Amino acid sequence: MSRARALLFAPVILAQASRLRRTTPLLAAPDGDRTGGKGKLRLVVVGDSTAVGTGADSLDDALPGRLGKLLGARWRAVGRNGATAADVLRDHIDDAAGGPADVAVVVVGWNDAMKLRSGRAFARDLGLLIDRLVAASPRGRVVVVAPPAFEAFEVLPRPLRTALGAHAAGLTRIAARVADEHEVDFAPGFDGVSVSSDRFHPDRAGYTAMAAGIAAALQA
């Protein structure tokens with residue numbers, strides 16, 4: 001129903017989304033090497049813009065670096081801005097699953113929600129991503145991170161915020177179910193509280209909070 005509700009308001013939502021794209025700063029992922037950290041554990045973070053640190057000054061200040069510090073891990077970041085679960089499956093999973101990892105974190109759903117992808121397609125692609133990561137590291141842990149809580153994003157006008165919030169919440173329930181079915185861990189997504197200059201992506205504090213949620217899921 002969340003996707004159907006969004007489609008119902010499609011003309012207004014599309015106009016608001018177009019205006020938002022024109023007025024929102026377009027941030028790039030941090031430059032530089034997408035590896036770092038120190039420690040015995042091997043961590044890979046794969047997914048969309050939040051996997052590659054958009055909104056932070058460096059990957060050390062983003063999700064890979066903040067989580068790597070909490071876990072004492074060497075990390076790799078794999079993905080790109082704007083990627084849906086299908087895009088990650090097509091373009092990035094070979095790299096992410098190309099070597100063993102003690103912890104693999106999957107961050108998708110932002111763009112699936114914004115592009116109003118169906119829950120069925122999202123569930124299929126997320127399940128295939130998990131399967132690839134588990135096959136690459138059978139003894140490792142996989143963590144699925146929930147889509148963001150778009151309902152809390154003040155930068156989004158209504159009804160765009162309401163529609164995206166409802167669809168993202170539906171995808172979050174699906175992600176939790178898929179993680180449970182695949183017997184992997186599930187962590188909360190970005191809450192929209194501490195944002196970067198575009199008022200959309202996490203800043204250092206936002207990424208630190210996400211990393212803490214993932215670390216807590218691994219300890220549960």
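**Close-up views of a predicted model**

**View 1. Helix α3 passes helix α9 in a right-handed crossing.** The model shown here and in the following views is predicted. Helix α3 comprises residues 63-71 and helix α9 residues 204-219; their axes come within 8 Å and cross at roughly 45 degrees. An angle from 35 to 65 degrees is neither roughly parallel nor roughly perpendicular, and α3 and α9 are therefore oblique to each other. On the α3 side, the contact is made by Leu63, Arg66, Leu67, Leu70 and Leu71. On the α9 side, the contributing residues include Arg204, Tyr207, Thr208, Met210 and Ala211, together with Ala212, Ile214, Ala215 and Leu218. By class, this contact has 11 nonpolar, 1 polar and 2 charged residues.

**View 2. Six strands form an open sheet of mixed pairing.** The order of the strands across the sheet is β1-β3-β2-β4-β5-β6. Strands β1 (35-36) and β6 (185-187) stand at the edges, and each has a single partner strand, so one side of each is left without a neighbour in the sheet. Strands of a sheet pair through backbone hydrogen bonds, either parallel or antiparallel.

**View 3. Strands β2 and β4 run parallel.** Strand β2 covers residues 41-47 and strand β4 residues 103-107, and 5 bridges join the two. Within this pairing, Val45 has Val105 of β4 as its bridge partner.

**View 4. Helix α8 lies across strands β5 and β6.** The helix is formed by residues 160-181, β5 by residues 141-145, and the helix runs at about 160 degrees to β6. With 1.5 Å a residue, the 22 residues of α8 should span 32 Å; the end C-alpha atoms of α8 are 31 Å apart, which agrees with that expectation.

**View 5. Helix α7 passes helix α8 in a right-handed crossing.** The axes of α7 (residues 119-136) and α8 come within 10 Å and cross at roughly 35 degrees. From α7, the contact involves Gly119, Phe122, Ala123, Leu126, Gly127 and Ile130. From α8, the contact involves Leu171, Ile174, Ala175, Arg177 and Val178. The residues in the contact of α7 with α8 divide into 8 nonpolar, 2 polar and 1 charged.

**View 6. The peptide bond from Arg158 to Pro159 is cis.** The omega angle of this bond is near 10 degrees. Pro159 is placed in the loop between β5 and α8.

**View 7. Glu183 takes a positive phi just after α8.** The phi of Glu183 is about 55 degrees, although Glu183 is not a glycine. Glu183 is found in the loop between α8 and β6, and β6 is one of the strands at the edges of the sheet.

Notes: Residues numbered from 1 in each chain as written. Predicted model: local features only at pLDDT ≥ 70, side-chain atom pairs only at ≥ 80, totals over all residues. Heavy atoms only, no water. Axes fitted to C-alpha atoms, helices over the stretch in contact; angles between N-to-C directions. Helix = DSSP H or I, 4+ residues; strand = E, 2+ residues; numbered from the N terminus. Parallel < 35°, antiparallel > 145°, perpendicular 65-115°, else oblique. Left-handed = near helix turned anticlockwise from the far one by under 90°. Contact = heavy atoms within 4.5 Å. Nonpolar A, V, L, I, M, F, W, Y, C, P; charged D, E, K, R; others polar. Pairing = 2+ DSSP bridges. Expected span 1.5 Å × (residues − 1).
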